[in-house]
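Trainee: Got a minute to go through this one with me? I'd like to start with the overall build and then look at the contacts.

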Amino acid sequence: MTEMVYREALKAGLREEMLRDERVFLLGEDIGLNWGGAFKVTKDLAEEFGVERVRDTPISENTIAGAAVGAAITGMVPIAEIMFGDLITLAMDQVCNQAAKMRYMFGGQTSVPLVIRTVFGGGKNLASHHSQSLEAWFMHTPGLKVAVPAFASDVKGLIKTAIRDPDPVLFAEHKLVYDKKEEVPDDEYLIPFGEAKVRREGADVTIWGTFIMLHKALEVAEELQKEGISVEVIDPRTLVPLDKKTLIESVKKTGRLVLVTEETKTGATTAEIAAIVQEEAFDWLDAPIKRVNAPDTPVPFSPPLENYFIPDNKRIAQAVRDIV
Amino acid sequence: MAVDKKTLKELFTRTLKTRLFEEKVWDLFGENVVPGTLHLCLGQEAVAAGVATALKDSDWIQSSHRGHGHVVAKGADMSAALAELLGKKTGSCKGKGGSMHITQFDVGVLGATGVVGSGLPIAVGAALSCQMRKTDDVVVCFFGDGASNNGTFGESLNMSAIWKLPLVWIVENNFYAMGTPITLTCPSSTVAQRAEAYCIPSKVIDGNNTLEVYEATVEAVKRAREGSGPTLIECQTYRMKGHSRFDPAKYRPQEEADYWLSPEKDAVNVIQKIALEQGAITEKDAEKIRVKLQKEVDKAGEFAMKSDFPEPEEALDDVYAEAI
């Protein structure tokens, strides 16, 4: 095991797959020699693998994604980076109408083995066009798989699985987890999609969440332990496929559920999870399911506004206390 | 360019085959057995036939929403193609795609698409893949004058030029985007002029003359295979029918329609006349070819009619490589 930050673990996963399979290549804006990616995930990879396989592109998101589709269906394994999750709006046709639907609408003639990496989330005062959390849109698109790695030890195993998956994967990252450190296995490992991880075991309340909210939830769980409240924290790791079993089992054990994400509340992934739990574990619930999300507004810029927008430890703790 | 007799005969045959196929589709539509809508290529057969004859089997084509002719000219199984249009289980897309997604991947068709302009980025990726895998295959992308007003046109032409991709851009300029004439949507008198901004050589040709299309494509494909990059060919042509199944195309000026729809401009007549004049076929040969092709098309039609519809629950298949 080696302690490393999320960004390094992710890069290690990309690098291992590029060494393993020469069909794997990266394309995106400023991912290469001069910049190494806006969040430095691909730093030094162009030097190691060459500018053909770590390919800087013009600012053309729809064609970046579409080129990945075209390459994927003709024998390559592309990993396209969309610099900010907000900018994937410019590539929605290729991601949602083409990549996601090709296998289906062509009756199984085509596989689209590509990965679209992008990054969601606020917390850096980047305002409404560089801070959103849009993962629910992709969870709502049949044909896509959606990975949401939140921890360094998971991101390496998940990116490797994503690259080897025969279907298109929206690989969502979060700006504030790139610097989170963890012990990461040195040997090769793959994390299967659709397997959640119980990050902390507890008996009284289940918290299900994604990205930086999981890190906050773990802090909150520690704090609440002192008050005698035992919190279980579940990281789904992938939204599609979704590990319902781990979640339902946890809810059956604790009888209480708090859902925490940074998304705006209406139509968020948390709404879907709440619906699933009431369908499959209604009789085990001892209290209403609580949702902790951002308000239904664009992401504001000014620090006090953004701090108000993004759920904090206090709000998460309060939601737990409300139902215990 | 000297075109041998065998090739001339082939150009005639493919043009006629495409025509007879579309006439069969039109007949079946009249019998009310084609669900949904249709974008027929009647009138535009010379483009598909001329381009496809200039390609080798392993070359790829990216189709548009008006794709029947592209698929047939590239050598698709007509039975599977017609069955697809009828929504049958034996269709090339198992009844999941229909007219707008008609595709036969095994003869080198990347796909037809219902989103105008969405094929261009995919063609970029397929051509990039051909280049990176060091094959000598080329990609041809068909799109209409309407698509040249989409953002993907600029993005994709640009990317193909900077990377010198083995790609041929075929504009099927039929002068109307649905019912809107090109004079209202394009400031230049040709689409080809736009290629100059991307340093892509271009040519405007008679898109109703299969021989002209063939010759221009051969030249462009040669450049592409040699690594000299993309070429754009604007094929000026005209729809015999409206945009889609219920469009009588009354918005087209009579004089214009009379010119384009005259026997002298008819794609089949044009190439038949050339083939006869150059001694590639006799009148008797032409008749023999017609009878043979008509039999093939009729047989394909019978197959499609006799085929079963899919079982309703087959709607759930082929979303992912393995069900999740």
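Trainee: So how many helices and strands does chain A have?

Mentor: Chain A has 12 helices and 14 strands. Keep in mind as we go that this is a predicted model.

Trainee: And how does the radius of gyration of chain A sit against the globule rule?

Mentor: The radius of gyration is 19 Å, close to the 20 Å that the rule gives for 324 residues, so chain A is as compact as a globular protein of that length. Along its principal axes, the C-alpha atoms of chain A fill a box of roughly 55 × 45 × 40 Å.

Trainee: Which domains does the assignment give for chain A?

Mentor: The assignment gives domain 1, covering 2-184, and domain 2, covering 197-323. Their C-alpha centres lie 26 Å apart.

Trainee: How many residues does each domain put into the contact?

Mentor: Domain 1 of chain A puts in 25 residues and domain 2 of chain A puts in 27. On the domain 1 side, the elements giving two or more residues are α6 (135-139), β6 (145-147) and α7 (152-164) of chain A.

Trainee: What classes do the residues on that domain 1 side fall into?

Mentor: That side of domain 1 of chain A divides into 12 nonpolar, 9 polar and 4 charged residues.

Trainee: Okay, switching to the two chains. How many residues does each one bring to the contact?

Mentor: Chain A brings 36 residues and chain B brings 35. On the side of chain A that touches chain B, two or more residues come from each of α3, α4 (92-99) and α5 (102-105) of chain A.

Trainee: Which element gives the largest share of that side?

Mentor: That's α3(A), with 8 residues. By class, the side of chain A that touches chain B has 15 nonpolar, 17 polar and 4 charged residues.

Trainee: Let's zoom in on α3(A), then. At what angle does it pack with α5 of chain B?

Mentor: Helix α3 (residues 61-72) of chain A and helix α5 (residues 119-132) of chain B pack at about 50°, their axes 6 Å apart. That angle makes α3(A) oblique to α5(B).

Trainee: Is the crossing left-handed or right-handed?

Mentor: α3(A) passes α5(B) in a right-handed crossing.

Trainee: Which residues meet there?

Mentor: From α3(A), they include A:N62, A:T63, A:G66 and A:V69. From α5(B), they include B:P121, B:I122, B:L128 and B:S129.

Trainee: And what's the split by class for those two helices?

Mentor: The contact of α3(A) with α5(B) has 10 nonpolar, 6 polar and no charged residues.

Terms used:
Residues numbered from 1 in each chain as written. Chains lettered and ligands numbered in written order. Predicted model: local features only at pLDDT ≥ 70, side-chain atom pairs only at ≥ 80, totals over all residues. Axes fitted to C-alpha atoms, helices over the stretch in contact; angles between N-to-C directions. Helix = DSSP H or I, 4+ residues; strand = E, 2+ residues; numbered from the N terminus. Parallel < 35°, antiparallel > 145°, perpendicular 65-115°, else oblique. Left-handed = near helix turned anticlockwise from the far one by under 90°. Contact = placed C-beta atoms within 7 Å. Nonpolar A, V, L, I, M, F, W, Y, C, P; charged D, E, K, R; others polar. Domains from an automatic or database assignment. Rg over C-alpha atoms; globule rule 2.2 N^0.38 Å.
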